[in-house]
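Student: Pick one part of this model and go through it closely with me, please. I'd like the local detail first, then how the rest of the fold looks by the same criteria.

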Amino acid sequence: MNKSDWRNFLNEKSGQCKILVVGDVMMDKYYYGDIHKFASDAPVPVAKITKRKASLGAAANIANNLALMGCRTWIAGFVGDDHNFETLSEQLDKFGINREGLIKTDKPTTTKVRIMSRYNQMFRMDFEDNSPHTDEEFEILKKYVKILLNDSLDAVVIADYEKGVCTERFCHSVIKAAHSHGVPVIVSPYGQQWIKYAQADYIMPNISKINKILLNPIEDKDDEAVERAGRYIMRKFKVKNVLATRSAEGITLVSEKNTTHIPTKSREVFDSAGAADTVAAAFAMALAGGLKPSDGAFIANVAAGIVISKSGTYAVSREDMLEILAG
């Protein structure tokens, strides 16, 4: 596809794509201020807060990217009945993300609160409970996924951040249900137990995640090593394709018969945070729109190039990509 075709796709087709993101939902909260003294009652620094920000994290960040790209987006996972869920709901509603699949439990909504002084993180508070969810809670979540699949989804993204949703049993059930409806499954993986993603159509790790399951680490710059790692992942974990994100080096798509290396456009790399989420979203959008995987890898690479040139987690919009493709 040329740039004109891509612009047409983003303007005319992305809004027809129906995609479910299921997995670990998270809120990120930031409090910014200057540290100018120590407390009188304890030997700790005091930050005078001057600004605060709340942003969607983990599976919710993938959903945010999809919505900003123009896709019809659903999100499913577990949350708590707390103030952080209220903030999460406000953010999801703001971007038009359907949140009917968020199942309330007696655990807190996973939230990371960061205290920032200028651009340095001084302290972090985590609100989370990673103990197992009940069978009843999983059954409700599975039922919701099946209802959406019956309503003609175009793609499913499994977003795993090891916060309790993406067990082997649950992942296998989602993959099986999606395939019974002819719907592709894209996985954003975490940890080392990738056998739970068996039979997924695409797994999308970055090099840091890949190195956690290899005996001998590889480097972003080594094309051959990335391809070998991709084929190892396909064999060992029984996944069909690997899309490896390589920071400033671009993206590599490893399939059964072909390997495609796509270099990132020459841009300053400022921060790679959130790039994997954006790649998963852009690639899922392309597949949902009926495009070839190689075309999906191209547009995912365009989106990743935007993210790594930004500070902090950044959700890429359709307008961002249209601007790049206009060049």
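Tutor: What follows starts with one strand and its surroundings, then moves on to other spots in the chain.

First, the ground rules. This is a predicted model, so local features need pLDDT of at least 70 and side-chain atom pairs count only at pLDDT 80 or more, while totals for chains, interfaces and linings use all residues. Numbering runs from 1 along each chain as its sequence is written, and side-chain values use heavy atoms, with hydrogens and water left out.

Our part is strand S7, residues 120-127; helices (H or I, at least four residues) and strands (E, at least two) are DSSP runs numbered from the N terminus. S7 gives four residues, the largest share, to a nonpolar surface patch. The patch is made by Ile35, Met122, Phe123, Met125 and Phe127, and covers about 450 Å². Patch members have over 30% relative accessible area and no salt bridge; like charges are joined within 9 Å, nonpolar side chains (Val, Leu, Ile, Met, Phe, Trp, Tyr) within 5 Å. Areas come from the Shrake-Rupley method with a 1.4 Å probe, and for residues only the protein chains shown count as cover. Phe127, for one, sits in S7 and has a relative accessible area of 37%, so it's partly exposed; that class lies between buried (under 20%) and exposed (over 50%).

Now the charges. Asp126 forms a salt bridge with Arg124, at 2.8 Å from N to O; the term needs a side-chain nitrogen of Lys or Arg within 4 Å of a carboxyl oxygen of Asp or Glu. Asp126 also bridges to Lys112, where the closest N and O atoms are 3.3 Å apart. That second pair links distant parts of the chain, as Lys112 is in strand S6 (residues 111-117) and Asp126 in S7, 14 residues apart. Lys112 is at 9% relative accessible area and therefore buried, Asp126 at 36% is partly exposed, and Arg124 at 40% is partly exposed too. Together with Glu128 and Lys163, these three make up a network of salt bridges.

Elsewhere, the whole structure holds 13 salt bridges. One of them joins Asp160 and Lys196, again at 2.8 Å from N to O. Asp160 is in the loop between S8 and helix H5 (168-180), Lys196 in the loop between strands S9 (185-188) and S10 (202-203), so the pair spans 36 residues. Both partners are buried.

Next, the parallel strands S4 (residues 72-80) and S5 (residues 98-105): six bridges join them, where pairing takes at least two DSSP bridges. Phe78 has Ile103 in S5 as its bridge partner. The chain goes from S4 through H3 to S5 in a right-handed β-α-β crossover, meaning that with the strands pointing away from the viewer, the path from the first strand over the helix to the second runs clockwise. The buried residues of H3 include Phe85, Leu88 and Leu92. Just after H3, Gly96 has a positive phi of about 75°.

Most residues other than glycine have a negative phi. Ala58, in strand S3 (residues 45-58), goes the other way with phi near 55°, and at 7% relative accessibility it's buried. Ser152 has phi near 65° and lies in the loop between helix H4 (135-150) and strand S8 (155-159); at 49% it counts as partly exposed.

Key
Buried < 20%, exposed > 50% of the residue type's maximum accessible area, 1.4 Å probe, protein only.
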